[in-house]
Amino acid sequence: MLAGRRRNMSDTSSKELLRRLSEAPGPPGAEDAVRRIVVEQLRDVGSIRHDRLGSVICEVAGPTDGPRVVLDSHLDEVGFMVQSISGEGRLAFVPLGGWWGHVLLGQRVNVLTEAGSVPGVIGCTPPHFLGPDQKSKVLELEQMYIDLGASTADEIAALGIRVGDPIVPCSEFREMPIEGVFSGKALDNRLGVALMCEVLAELKRGEQPNTVIGVGAVQEEVGVRGAATACEISRPDVAVVLECTPADDLPGQTPRQGVLGGGPQIRIFDPTAISNRRLVRLAQETAEEAGVAVQLAVRRGGGTDAKAIHGWGRGVPTVVLGVPARYIHSHVGLMQFRDYVATRKLVLALVRRLDASAVEGLTRFDESAG
Ligand SMILES: [Zn+2]
């Protein structure tokens with residue numbers, strides 16, 4: 001369907017958008033920098049509104065009788081918050097989202113104060129001071145601290161740091177030695193955010209048989225909060241949740257449902273949502289027609305914005321499409337750019353197929369329904 005179209009997305013501009021989004025700080029409740037990039041990308045694409053938690057909603061109008069198709073992506077990334085400041089100038093912190101202690105010690109972070117970003121490191125005890133029993137244990141986050149090089153609480157106050165300030169991982173977006181592989185923080189879910197922005201920009205000319213509403217939802221990582229409030233504005237008839245899903249091509253993991261380079265993942269199930277079966281089928285058919293290889297996922301753990309969206313109002317047929325990335329919820333995820341491009345192609349083709357009759361068919365539950 002894309003053949004012969006003028007593409008307004010070059011690989012270079014897509015990679016630059018991914019870099020900017022990945023490096024932007026956006027822990028739950030403090031997504032401002034990410035929201036700013038999204039608004040800048042979509043300002044001339046559709047009409048922009050916000051819910052009262054800070055989610056951004058961009059509507060690209062289509063035919064008046066067309067269904068409302070939501071492309072959801074969450075803006076936030078896993079981060080932390082200053083819990084208290086010790087007399088010796090160390091910051092205790094709480095996690096915002098799911099972290100594992102193994103990936104934290106010795107890492108760089110930025111504390112987001114009202115006056116700006118202040119760098120720190122998560123302190124770790126050198127092996128010289130650890131007994132054998134301590135070496136074999138994972139440290140609890142409550143026992144960790146952030147060190148800014150200070151020795152007193154006054155020095156911390158002078159830096160403008162206060163209890164409640166958000167904290168984000170500090171990590172550069174970089175190309176790896178294998179072509180097309182990039183590493184960086186917050187790939188979950190800036191890949192989804194970039195997809196949402198680029199698909200909306202491509203649909204701007206409005207020949208799609210529906211109204212497309214791009215959503216940048218806040219606070220997913222702390223319990224899928226913005227996706228729920230954004231629905232009051234987006235009022236979806238059908239929803240596609242754009243995510244960065246955990247790749248499982250790791251030592252000892254079988255079966256594999258999310259391999260780097262294997263293409264977009266269609267998530268059929270996780271404990272928070274079951275994708276609409278007909279919408280899953282439509283996504284598979286669309287992928288086949290578009291020549292996009294997909295990976296099917298039935299997940300024992302995890303969750304996405306689909307949790308809130310599919311349960312909104314009288315129910316919303318929803319499917320989750322994910323770009324797989326290794327090592328998410330750490331400072332350095334790895335993604336393959338061609339998976340991103342393939343997912344974008346699939347989302348565009350799927351949106352173009354979601355006309356009134358296709359969407360109505362997703363929720364026809366009378367006896368005569370096929
Ligand atoms: Zn996510």
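**Notebook: helix H6 first, then outwards**

I started with helix H6, residues 226-234, and listed its buried residues: Gly226, Ala227, Ala228, Ala230, Cys231 and Ser234. A reminder to myself before going on: this is a predicted model.

Next I looked up what covers those buried residues of H6. The cover includes three strands, S2 (56-60), S3 (68-74) and S12 (211-217), along with helix H8 (306-309). I also checked what comes after the helix, and found Arg235 with a positive phi, near 40 degrees.

**Whole chain**

I stepped back to count elements and got ten helices and 18 strands. The C-alpha trace spans about 70 × 45 × 40 Å along its principal axes. For overall size I compared the radius of gyration with the globule rule: a compact globule of 370 residues would have a value near 21 Å, and the chain has 21 Å, so the two agree. Buried residues account for 48% of the 370 residues. I then turned to contacts between residues at least 6 apart in sequence, and 77% of them join residues at least 24 apart.

**Domains**

How is the chain divided? I noted domain 1 as 11-77 + 185-362 and domain 2 as 79-169. Twelve residues from domain 1 and 14 residues from domain 2 take part in the contact between them. On the domain 1 side, the touching residues split into five nonpolar, four polar and three charged. I also looked up the separation of the C-alpha centres of the two domains, which is 32 Å.

**Barrel**

The strands gave me a nice find: a closed barrel of six, running S4-S5-S8-S7-S6-S9 with antiparallel pairing. I picked one pair to follow up. Strand S6 (residues 108-113) pairs with strand S7 (residues 116-122) in the antiparallel sense, over six bridges. Which residue of S7 is the bridge partner of Val111? I found Val118 there.

**Ala283**

My last stop was Ala283, which sits in helix H7 (residues 277-290). Why does Ala283 count as buried? I counted 27 C-beta neighbours inside 10 Å, and the cut-off for buried is 20 or more, so Ala283 counts as buried. Leaving out residues up to four places away in sequence, Ala283 touches Ile266, Val319, Leu321 and Leu350. I also tried a long span, from Ala283 to Ser86: these residues are 197 apart along the chain, and their C-alpha atoms are separated by 53 Å.

How values were computed
Residues are numbered from 1 along each chain as its sequence is written. This is a predicted model: local features need pLDDT of at least 70, side-chain atom pairs count only at pLDDT 80 or more; totals for chains, interfaces and linings use all residues. A residue is buried if 20 or more other C-beta atoms lie within 10 Å of its own, exposed if 12 or fewer, and partly exposed in between; C-beta atoms are placed from the backbone. Helices (H or I, at least four residues) and strands (E, at least two) are DSSP runs, numbered from the N terminus. Two residues are in contact if their C-beta atoms, placed from the backbone, lie within 7 Å. Two strands pair if DSSP finds at least two bridges between them. Domain bounds come from an automatic or database domain assignment. Ala, Val, Leu, Ile, Met, Phe, Trp, Tyr, Cys and Pro count as nonpolar, Asp, Glu, Lys and Arg as charged, and the others, Gly among them, as polar. The radius of gyration is taken over C-alpha atoms; the globule rule is 2.2 Å times the number of residues to the power 0.38.
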